[in-house]
Amino acid sequence: MRRVLIVAIVALYSMALLCAFMPELLGEWTTYYMYFIAAILLVHVAELGLFFKYVKKYPGSLVLSIFLTIIFGFLHWLPYKNKG
């Protein structure tokens, strides 16, 4: 299930990139879609502050862990919370 959600998030971000370069793609809905993506990113940044103790548990670099948290949110840090 986690992989399905990650693929869905990547699809959402890919669509946002297309909308950024081809705004006519979604017509008048492009603006709303971009606000939606911005809201998702803001929530993930807030998650970063709230759950930083789990973000630090990532075995790779902290910078990469922060980036992945901003992109994927709880899908990135939740497995490290469950590891104890």
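**Exercise 1.** In which helix is the place of Val4, and is Val4 buried or exposed?

*Solution.* Keep in mind that this is a predicted model. Start with the secondary structure: Val4 sits in helix H1. Next, take the relative accessible area of Val4, which is 55%. The cut-off for exposed is over 50%, so Val4 counts as exposed.

**Exercise 2.** Find the nonpolar surface patch that includes Val4, and name the helices that each supply at least two of its residues.

*Solution.* First, list the members: Met1, Val4, Leu5, Phe74 and Leu78 make a nonpolar patch of about 490 Å² on the surface. Then look at the helices. Helix H1 covers 2–21 and helix H5 covers 74–82, and each of them supplies at least two residues of the patch.

**Exercise 3.** Classify Ala20 by its exposure, then work out how far it is from Arg2 in sequence and in space.

*Solution.* Ala20 is found in helix H1. Its relative accessible area is 45%. Partly exposed spans the range between 20% and 50%, so Ala20 is partly exposed. For the separation, go from C-alpha to C-alpha: Ala20 and Arg2 are 27 Å apart in space, and 18 residues apart in sequence.

**Exercise 4.** Take the residues that UniProt lists under "transmembrane region" and describe each span in the model.

*Solution.* Begin with the record: the unreviewed UniProt entry gives residues 32–52 and 59–78. Now check each one in turn. Residues 32–52 are 95% helix and 0% strand, with their end C-alpha atoms 30 Å apart. Residues 59–78 are 80% helix and 0% strand, and there the end C-alpha atoms lie 14 Å apart.

Note on methods
Residues are numbered from 1 along each chain as its sequence is written. This is a predicted model: local features need pLDDT of at least 70, side-chain atom pairs count only at pLDDT 80 or more; totals for chains, interfaces and linings use all residues. Side-chain values use heavy atoms; hydrogens and water are left out. Helices (H or I, at least four residues) and strands (E, at least two) are DSSP runs, numbered from the N terminus. Buried means under 20% relative accessible area, exposed over 50%, partly exposed in between (1.4 Å probe, protein chains only). UniProt positions are given in the numbering used here, feature names are shortened, and annotations may be inferred rather than shown by experiment.
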